Every structure is written in C-alpha cells, then in structure tokens.
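Thanks, everyone, for making the time this morning. Let me put the model up on the screen, and then I will walk through it piece by piece.

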Amino acid sequence: MAKALLELEDVTARYGPVSALHGISLRVDEGEAVAVLGANGAGKTTTLRAISGTVKRSGGIAFAGRSIVRRSPESVARAGIAHVPEGRGTLTDLTVAENLRLGAYTRRDRAGVREDEQRVLGYFPRLAERRSQRAGTLSGGEQQMLALARALMLRPRLLLLDEPSLGLAPLVVAEIFRIVRELNERDGLAVLVVEQNAALALDASARAYVLEVGRVAVEGDSARLREDVAVRRSYLGY
Amino acid sequence: MRSRAPGIAVWLLVAAVVLLAYLFAPRFISDFHSRELAGAGVFFIAIVGLNLLTGYTGQISLGHGALMAVGGYTTAALAVHEHWRDVWTIPLAGVAAGIVGFLIGLPALRLSGLYLALATFAFAIAIPSLLKKFSGLTGGSQGLRLLEDAPLQVTGLSGTVTIFGHTMTQNHFLYYLTWGIGLVGFLIAWLLVRGRVGRTFRAVRDSEVAAASVGINLAWTKTLAFALSGVYAGVAGSLLAIQVEIVNPLSFTFLLSILILVGVVVGGLGSLGGMILGALFVQYLPDLSTHVSTAEGAPDFIFGAAIIIVMLLLPTGAGGFLRRLARPLTTRLYLRP
Amino acid sequence: MILAFDWTQLAQQIVIGLASGGVWATLAVALVLIYRSTGVINFAQGEMAMFSTFIAWSLVNHGFSYWAAFVLTVAISFAGGVAVERAVIRPVERAPVLTVVIVTLGLFFVVNGAARWIWSPETRSLPNAFSTRPITVAGVAFSISDLGTIAVSLAAVALLWAFFRFTKLGLASRAAAVNPDASRLVGVRVTWMLALGWGLAAAMGAVSGMLTAPALASFDQNLMQPVLLYAFAGAVLGGIDSPLGAVVGSLLLGVLINLIGTYVNWVGTDLRLPVALAVILGVLLVRPAGLFGRPMETRV
C-alpha cells in the first residue's frame with residue numbers, strides 16, 4: 001500500500017472575504033499522478049495555492065506526515081513541493097540559465113544541481129538552445145517548459161502543475177504532458193495536475209478528483225472516470 | 001460604490017457644531033494659542049488644496065511649499081511695492097498661485113507617480129534660489145517686510161484690529177480670518193468633491209485609461225486639479241505672509257512642502273474630515289518636540305519619530321482610521337511597480 | 001590670433017568631474033537599489049550616508065586608520081540598513097506607496113536629528129584617504145585624490161554588480177525584486193531580500209559619504225544633502241530603475257556640471273545645484289525613463 005505523500009483534509013481557503021474552497025479532502029501517494037478537474041471557478045487553482053501557501057487557508061494539509069498548513073510559500077518549497085503556477089511565473093528579466101539556477105536555490109549539493117541541470121535540459125532541448133536568452137523572449141510554450149524545468153531543479157518530491165495547457169498549441173501541450181508522464185513513471189515523481197482539458201489530464205494520471213464550486217464532487221480512478229459517460233457529461237463537458 | 005451618506009440632519013448638526021466652535025473658540029483659549037491656531041489654519045488650507053490633488057486625482061506633489069511662496073510673495077509684493085491693503089491681496093495671491101499651479105500641471109501631465117514627486121521635489125528645492133535671484137521684485141535674501149514697509153496693513157503695529165465695530169486683538173483677528181477662509185475653502189472643496197468634479201477626479205485617480213474611455217478629458221482634469229490646489233496653496237501662503245508679516249526665501253523651503261504632504265497623509269488621503277487633524281499635527285508637533293527636549297537635533301528626531309509612528313499605526317491616516325475604511329483610498333498610489 | 005585650446009585643462013576638469021560624479025554614483029546606485037526592490041524613493045538615503053560618515057569619523061577619532069574605519073563603517077552601515085528596513089519599512093510593506101514615502105521623510109528627520117544629537121553640530125574633518133600630491137600622467141597633472149575617488153567608487157559599484165550577477169543570493173535578490181510571488185515558490189525568502197537591499201544601499205551610501213567628507217576642509221551634518229540632490233539628478237538622467245544608468249548618469253552629470261562651471265562664466269559654483277535640478281526637470285519632461293531606464297508601462 002503506497003504511503004500518502006500529501007493529504008488534504010477539509011481544507012478551506014478564501015480570497016479576502018470570499019470563500020473559494022469549502023472543505024476539500026484529497027490525497028496524493030508517493031509516486032502517484034493525480035488530476036484535479038472541474039469547470040472554471042470550481043476551485044482547482046485555489047487548491048494548489050492552498051497547498052503551496054499562496055492563499056489564506058485552514059484545515060488539515062500534511063506533507064510527508066508533517067503539517068504544512070501554517071507554512072509560508074518559501075517554507076513549503078523548501079519542504080520539497082514545487083508549484084508551477086497558473087501563468088507560469090517565469091522571471092522574464094532573467095536568462096533561461098538564471099531561471100534554472102534559481103529553481104535550485106534551496107539546494108546545497110552543487111554536483112547534484114549541475115547533474116539536474118543537464119538532465120532537465122535533456123528533457124527540453126529547446127531550452128538548452130536558448131540558455132543565455134532572456135526568459136521574456138521565449139514563446140509561450142517555451143516559457144511553460146522553462147517553468148516546469150525550473151520546478152524540477154528543486155528536485156521536488158511533489159510537483160504541482162496549474163493548467164499547463166493554457167494558451168498553448170496542442171502539439172506543445174502533448175509534449176509537455178508526455179514529459180510529465182515520463183517523469184512520473186520513470187523517476188517516480190508525484191504529480192498533482194490541475195487541468196481544464198480533462199481528457200489530457202485523465203490520460204496522464206492514475207486518479208482524479210472533480211471539483212465543483214469549492215467541493216469534491218466526484219473522485220476515483222482516472223481510467224474509470226474516463227469511461228464514465230455520465231460523469232463526463234455532467235462535470236467534464238464532453 | 002457610493003459611501004453611505006449619513007442623513008442631511010447629521011451633516012447639518014456637524015456643520016453647526018463646527019461653526020459654533022469656530023466662532024466661540026477664542027473665548028476659551030489664550031491669545032497665544034489663537035495665534036497658533038491661525039498658523040494651523042494656514043496649513044489646513046494648503047492641506048485641503050493638496051488633498052484635492054493627491055487624494056482625489058492621485059498626483060503626488062512635493063512642491064506645494066513653492067506654490068505657497070507664490071501666494072506669499074504676491075501678497076508681500078503688492079503690499080510693500082504697490083501699497084495694497086494686505087487682506088485684499090488674498091484673492092489675487094490665490095489666483096497667481098493657481099496660474100502657476102496650472103503651468104506646473106501642464107508638463108506634469110507627462111509624469112506620474114514617483115516621477116512627478118521627483119519633479120515637484122526639484123521644483124521646491126529650486127524655489128529659494130530663484131527667489132533670491134529676482135531680488136528686485138522679491139527683496140532677495142532679505143525678503144519683504146510687511147511690518148515695516150507695507151503701509152496699509154489691517155494688522156500691524158497697533159496690536160488691535162477693528163472689524164464691523166468689534167475690536168479684537170491681532171491674534172484673534174488672524175484666527176478668525178484664517179479659519180473663516182479655511183472653512184469656506186473646505187466647504188467649496190467638499191461641494192466639488194461631492195459633485196461631478198469630484199467624481200471625475202476620482203475616476204482619473206482610479207484608472208486613467210478607464211476615465212479616458214468614458215470621455216473624461218484627462219489633460220483638462222489633471223491640470224484643473226493642479227490649478228485648484230494651487231489656489232488653495234496661494235491663499236495659504238498669503239495668509240502666512242499676513243500672519244508673520246515678513247517673507248523671505250527661508251519661509252518657503254522644501255521643509256514646508258514636506259509638512260503639507262505629511263499633513264495630508266497623516267490626516268488621511270481623500271478624507272476631508274481628517275484634514276483638521278493633519279493641520280494640527282504639523283502645526284503643533286514641531287513645537288511639542290522642542291518641549292520634550294531642546295538638545296540640538298532632539299526635536300527633529302522626535303518629530304520624525306512621531307511621523308513614522310503615526311504612519312506605522314495608521315497607514316491610511318487619521319481620516320482612514322476615523323472612517324474605518326476597508327477599501328483602498330487611492331488605488332493607483334497603492335499599486336507597486 | 002589663434003586661440004590654442006587648453007587640452008590639459010579639459011582633461012583635468014573631466015577627471016575632477018568624474019571624481020564628483022563617482023561619489024554621486026555610489027549614492028545614486030543606493031537610491032536605485034531601493035527603488036527597484038521596494039518601489040519607493042528613500043529620501044533619507046543621504047542622511048543615512050551622513051550618519052555613516054560620522055561613525056567613520058568617530059572610529060578615526062578613536063585611533064583607527066582611515067581604511068580600517070572605512071571597512072568597519074561599511075559593515076556597520078550594512079547592518080544598520082537591514083535594521084532600518086526591518087523596523088520601519090517592513091511594517092508598512094503593504095501600505096500605500098505614499099505612506100512609505102512619508103515614512104522615509106520621517107526617517108530623514110530622525111537620522112538628521114539623531115546625528116545632531118549624538119555628535120554636536122560643530123564642524124569636523126576626516127583625513128584625506130589618498131595623498132594630496134599630484135600625479136603626472138602623459139604630462140598632465142592630476143590629483144591622486146580624484147583618481148583614487150574614481151577608483152574606489154567604481155570598485156564599490158563593480159563589487160555590487162558582481163554580487164548580483166554571480167552569487168546565488170544576488171540572483172535571488174534580483175528575482176525577488178522582479179517577481180516576488182514566483183520567487184517565493186522556489187524558496188526565496190522575499191522579505192529578507194528586501195532587507196538585504198536596504199543593507200547594501202546603506203553600505204553604498206556609507207562609501208559615498210566617506211569619499212565626500214575628506215574632500216572638504218570640514219563637514220557637518222548637512223554634508224550629504226547636496227550630494228543626495230546630485231545623486232537624484234544622476235539617477236534620473238540615467239534611468240531611476242537602472243543601476244548602470246545611475247552610474248553612467250552620475251558620471252556624466254559630474255563631468256557636465258564641472259565643465260559648465262569651468263567654461264561658462266556666469267554659472268560658476270553657485271549655480272551648480274540649479275543646473276542639476278534643471279537636469280532633473282528636463283529629463284523628466286523629455287524622457288522620464290532616462291538614458292537606460294525602461295519606459296513605465298501602465299497596465300490597463
């Protein structure tokens with residue numbers, strides 16, 4: 001039985017006076033890929049923000065057995081959770097190489113960092129070509145790859161991916177998901193991916209949660225959800 | 001988006017209380033304090049004007065001391081050179097400063113936020129030197145002395161003033177004059193702010209692009225705001241000249257501009273109610289600081305510390321605290337680059 | 001009659017101008033540092049530099065050599081800058097920009113008053129760091145002091161640049177200034193980066209003060225007020241959000257003002273300050289972003 005790496009229990013979150021999550025419970029096991037689906041405004045992005053600490057939240061959030069619900073975003077990152085936010089969050093003024101170096105900010109093992117940089121650039125050869133370019137000059141797809149690469153430089157135990165397909169061409173999106181699947185299957189990286197494109201996300205994950213208005217409406221194995229026409233029609237729009 | 005407006009009755013009550021306080025205050029305070037209050041009144045008028053500019057159109061000016069200088073010197077020059085009666089010069093001083101404000105407002109259109117602050121800062125620093133340079137008009141470093149050289153002063157050497165048959169001390173007269181004008185100016189500003197002008201100003205403050213897209217003429221609005229605040233500053237400077245009976249370049253240093261701005265922010269940006277508190281703060285605090293300690297440098301230290309502590313405790317000023325505002329008062333000034 | 005142009009004098013005046021400009025550049029870089037990281041103009045930067053200079057004076061007075069005092073003062077100033085940020089700026093981090101401006105104005109009075117309180121307002125002097133002998137380069141006599149000032153200013157700026165460019169902490173600091181939210185997600189303690197910025201700015205200010213004071217026969221607590229103005233002018237000329245601009249702008253301004261003062265008769269030394277102010281106003285009107293700055297885009 002796989003150990004739970006991330007556990008959310010009855011988590012609420014709000015933006016100022018507006019409540020966005022009304023009690024979410026979910027789980028990601030070691031080495032598991034989990035998808036969070038739902039319509040716009042269902043609370044998917046907020047869930048990731050609650051985990052990484054970038055929104056006001058309360059409830060039970062445990063990572064590798066330790067509670068992280070009171071931690072600052074910096075502290076959550078140091079614990080080994082890499083959050084690739086909506087909008088990517090690339091540091092546009094810095095070069096590609098500097099963005100990557102920054103990803104490894106919390107690490108002290110210089111040899112490991114160098115090794116990871118090689119590995120990551122191996123995954124994204126286009127980034128290797130543009131190493132000394134300012135990140136702001138990259139295309140949308142390349143910036144998404146850079147954001148992902150930077151997150152990997154943290155050598156995280158858990159990767160939070162927020163809407164990786166947003167605004168990108170289908171070919172690029174497919175490539176990104178292929179890499180994510182590979183990282184999960186080959187390297188055992190746990191992944192929690194939020195996606196509007198349900199089909200893609202279900203293909204790339206083992207289990208999925210469907211959110212509706214800040215609550216978990218449906219949960220289960222991705223394979224089963226994919227086949228469930230009723231769920232697809234009601235919640236996933238296809 | 002409209003703030004809850006208390007009923008007309010409450011406003012009338014407040015107005016009545018204020019009016020009574022104004023009329024009868026000198027009975028209860030010493031002559032010396034009347035003079036101090038008159039000084040606070042000068043700040044009050046300048047603060048109301050600057051508030052119209054910064055609080056309502058979001059333009060930061062660190063140069064309103066210079067506009068006060070325009071008003072002050074206009075009054076002094078007319079009184080000394082042209083032998084005008086000092087109080088009649090007040091409207092002209094306001095107009096003169098208003099024109100200068102308008103002229104500053106024109107190039108200011110191209111600047112925003114901190115750039116505007118820097119430009120007005122440079123202007124304020126330059127003013128004393130400029131005043132010294134045109135000594136024919138301004139009396140150079142010596143300045144102009146109304147006490148000795150202006151023959152038609154309402155105040156002056158006699159120590160008492162007779163108005164409408166009442167005789168009162170000079171200080172009481174200055175108090176009534178200054179706060180009378182102050183309250184009228186306050187009322188005018190209040191009416192402007194409640195009306196179309198105020199709404200236009202606020203639209204410009206909150207989003208210039210949105211304002212322009214609904215047809216507001218940005219250039220006209222922003223320069224109008226500068227001109228208006230200039231008028232207030234000019235009147236304040238004029239009253240200062242009348243009170244102190246002398247003007248020289250040192251009367252209008254950068255420090256004065258800072259004090260006015262501190263008064264606006266401590267009082268609470270965009271809050272007319274906090275303006276009085278702001279004026280009292282910048283009038284009395286430097287004095288109080290000297291009462292705590294007269295050691296060299298200590299009063300400044302205490303004054304600066306007081307400013308910092310007030311800002312730390314009440315980041316939106318006294319007015320913000322008084323109204324318990326939850327919403328940001330000036331969104332543009334709140335946006336970090 | 002052919003007027004032979006005095007190249008020697010030109011070269012000398014340029015060097016003198018560069019020396020003034022170098023001193024202004026170090027303070028200008030401090031201003032830009034704070035502006036980029038905190039988004040405000042620190043009106044108290046000059047006074048903080050003055051305070052540092054007085055600390056240096058006290059150290060020298062207690063027997064330290066100039067350079068020992070220099071290094072020690074830079075270190076103390078760094079700590080002081082961090083302390084100021086934590087005590088006074090951190091609490092108003094989320095307050096309106098205007099509030100923070102007022103806080104720095106309050107800080108101006110606090111630091112100036114404290115300096116006058118602790119050290120009485122009599123004038124004092126710092127020994128010249130460099131020998132006062134002239135040195136001859138290519139047949140032209142220059143003052144070692146001026147050359148030394150240029151060297152130290154540029155070295156300080158270069159060290160700062162190297163820190164930001166090559167160290168991990170410098171990278172994190174740059175990232176925090178540009179995108180604090182994304183920086184947090186990689187583990188950067190953004191609030192400490194702000195404190196670091198203030199510490200470095202204070203250190204640069206200290207360098208500026210300690211180069212200004214020895215050049216004067218004597219100084220008092222008003223030492224840095226003109227320097228602050230020139231630094232503003234240099235920073236605006238170069239671009240208030242560009243450190244390179246601050247340096248280039250200040251050096252350029254130094255040379256410009258000195259040449260105008262030397263060659264244009266009615267300007268003289270009295271009107272140097274108004275010339276600087278005219279530069280500020282002129283640049284702001286024509287091209288607010290300065291030579292190297294990025295034009296401010298308004299987000300719709």
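I will begin at the contact of chain A with chain C, where the count is two salt bridges, a salt bridge being a side-chain nitrogen of Lys or Arg within 4 Å of a carboxyl oxygen of Asp or Glu. C:Arg174 forms a salt bridge with A:Glu98, and the closest N and O atoms of that pair are 2.8 Å apart. On the side of chain A that touches chain C, the elements giving two or more residues are helix H2 (73–79) and helix H3 (96–103); helices here are DSSP runs of H or I with at least four residues, strands are runs of E with at least two, and both are numbered from the N terminus.

Before going further, please keep in mind that this is a predicted model, in which local features need pLDDT of at least 70 and side-chain atom pairs count only at pLDDT 80 or more, whereas totals for chains, interfaces and linings use all residues. Residues are numbered from 1 along each chain as its sequence is written, chains are lettered from A and ligands numbered from 1 in the order in which they are written, and side-chain values use heavy atoms, with hydrogens and water left out.

Staying with the same pair of chains, 23 residues of chain A are in contact with 21 residues of chain C, contact meaning heavy atoms within 4.5 Å. The area buried between them is about 1900 Å², with carbon and sulfur atoms giving 60% of it; buried area is the accessible area (1.4 Å probe) that two parts lose on being put together, summed over both. In chain A, the residues that lose the most area to chain C are A:Glu74, A:Leu102 and A:Tyr105, together 33% of what that side buries.

Now to the inside of chain A. Is A:Thr47, in helix H1 (residues 44–52), buried or exposed? A:Thr47 counts as buried because its relative accessibility is 0%, where buried means under 20% relative accessible area, exposed over 50%, and partly exposed in between (1.4 Å probe, protein chains only). Leaving aside neighbours within four places in sequence, A:Thr47 is in contact with A:Leu8, A:Leu21, A:Ile24, A:Leu26 and A:Leu211.

Finally, chain B has 16 helices and four strands, and buried residues make up 53% of its 337 residues. B:Val95 lies in helix H4 of chain B and is partly exposed, with a relative accessible area of 46%.
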